[in-house]
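Please open the structure in the viewer and keep the selection panel at hand. The tour below proceeds from one selection to the next and states what is found at each stop.

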Amino acid sequence: WKAFDPSITEGSDQRLHGGDYIESILRDRGIEDIDALVAGADVDAVNLGAATLGRRVKPHLYVVIRQNHAQDGALIDAANANMKFVQSELMVHECLQRLKTPMLGRFIARLRGLDVAFATRTLERVRAEVGEEAPHAWTFECDVMRAGMFYAFFQRRGAPFRIAHLVSDPTKRRERMRASALMLERAHDCQLLPADDVALKTGDRILFVGQNEARRLQQRYLD
């Protein structure tokens with residue numbers, strides 16, 4: 001990959017000094033041979049110019065564009081990019097997710113302090129469940145005041161109640177739902193990416209990610 005950045009004075013093999021002459025930079029760096037262009041500057045005019053000029057040089061170029069300001073929406077749409085990221089929408093979505101699922105915010109905070117390898121494992125786990133779809137995140141609480149959890153911990157016979165039970169389809173017990181645990185909180189401790197065979201205890205909170213249908217079906221274990 002290569003990136004042009006107008007904020008730097010000296011470039012490198014990958015990070016290039018960019019300015020007002022975007023088209024010449026794209027041509028000089030071999031845009032004819034690239035597969036995708038990501039226009040992610042914090043100025044919409046720069047992103048629009050890069051996307052437009054990139055398509056002028058290579059009409060079938062895959063373009064990802066960032067929109068920073070709502071008033072520029074019509075112009076950004078006119079660029080006809082393959083993928084668009086709207087900063088305000090992303091911020092609103094993240095805020096709503098954290099309000100609806102506070103545990104997700106705690107998970108992300110811990111994830112930021114870990115290495116790239118762990119982040120890659122997390123991404124692989126999410127993709128294994130939802131593919132390229134937008135993932136849903138939710139919290140499941142082992143609240144024994146709910147009838148289903150009281151039965152699971154105090155009346156159910158056999159092996160201990162595990163995460164594996166919560167990802168089993170309640171309508172087809174031998175089938176696994178498209179959901180996976182990202183974090184287990186127990187009192188003041190937490191475990192990231194817990195395995196399905198982890199035994200649960202009363203009061204545990206589990207952060208799941210997966211398809212919305214799995215979230216809906218999982219609620220049956222509470223009742």
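## The parallel sheet

Begin by selecting β4 and β5, two strands that run parallel and are joined by four bridges. The model on display is a predicted one. Within this pair, locate Gln67, which stands opposite Val86 in β5.

Next, add β3 to the selection. Between β3 and β4 there are again four bridges, and these strands run parallel. Here Leu37 has Val63 in β4 as its bridge partner. The three strands now selected form an open sheet in the order β3-β4-β5, with parallel pairing. Its edge strands are β3 (36-39) and β5 (83-86), each of which pairs on one side only. Direction ignored, neighbouring strands of this sheet are turned by 10 degrees against each other on average.

Now display helix α2 (residues 44-57), which packs on the sheet and touches β3 and β4. The direction of α2 makes about 170 degrees with that of β4.

Show the side chains of β3. Which of them are buried? Leu37 and Ala39, which point to one face, are buried, whereas Ala36 and Val38 point to the other face and are not.

## A nonpolar patch

Select Tyr62, Met83 and Phe85, and switch on the surface: together they make a nonpolar surface patch of about 260 Å². Tyr62 belongs to strand β4 (residues 62-67). With a relative accessible area of 35%, Tyr62 is partly exposed.

## The antiparallel sheet

Move to the open sheet of four strands, whose order is β6-β9-β7-β8 and whose pairing is antiparallel. The strands β6 (136-141) and β8 (189-192) stand at the edges; each has a single partner strand, so one side of each is left without a neighbour in the sheet. From one strand to the next, the twist averages 20 degrees.

Restrict the view to β7 and β8, which pair in the antiparallel sense over four bridges. Arg186 has Asp189 in β8 as its bridge partner.

Two helices should then be added. Helix α5 (residues 102-112) packs on the sheet and touches β6, β7, β8 and β9 (205-210); the direction of α5 makes about 90 degrees with that of β7. Helix α6 (residues 116-130) also packs on this sheet, with β7, β8 and β9 as the strands it touches. The angle between the directions of α6 and β7 is about 130 degrees.

## A residue inside β7

Select Ser180, which is placed in strand β7 (residues 179-186). Is Ser180 buried or exposed? Its relative accessibility is 4%, and Ser180 therefore counts as buried, the limit for that class being under 20%. To see what surrounds this residue, display Arg125, Glu129, Leu207, Phe208 and Val209; these are the contacts of Ser180 once neighbours within four places in sequence are left aside.

## Two loop residues with positive phi

The final stops are in loops. Select Ala187, located in the loop between β7 and β8. Although Ala187 is not a glycine, it has a positive phi of about 55 degrees. Ala187 is exposed, its relative accessible area being 63%.

Finish at Leu193, in the loop between β8 and β9. The phi of Leu193 is near 50 degrees, which is a positive value in a residue other than glycine. Leu193 is buried, with a relative accessible area of 7%.

Terms used:
Residues numbered from 1 in each chain as written. Predicted model: local features only at pLDDT ≥ 70, side-chain atom pairs only at ≥ 80, totals over all residues. Heavy atoms only, no water. Patch = residues over 30% accessible without salt bridge, like charges linked within 9 Å, V, L, I, M, F, W, Y side chains within 5 Å. Areas by Shrake-Rupley, 256 points an atom, 1.4 Å probe, with all protein chains shown as cover. Salt bridge = Lys/Arg side-chain N within 4 Å of Asp/Glu carboxyl O. Buried < 20%, exposed > 50% of the residue type's maximum accessible area, 1.4 Å probe, protein only. Contact = heavy atoms within 4.5 Å. Pairing = 2+ DSSP bridges. Axes fitted to C-alpha atoms, helices over the stretch in contact; angles between N-to-C directions.
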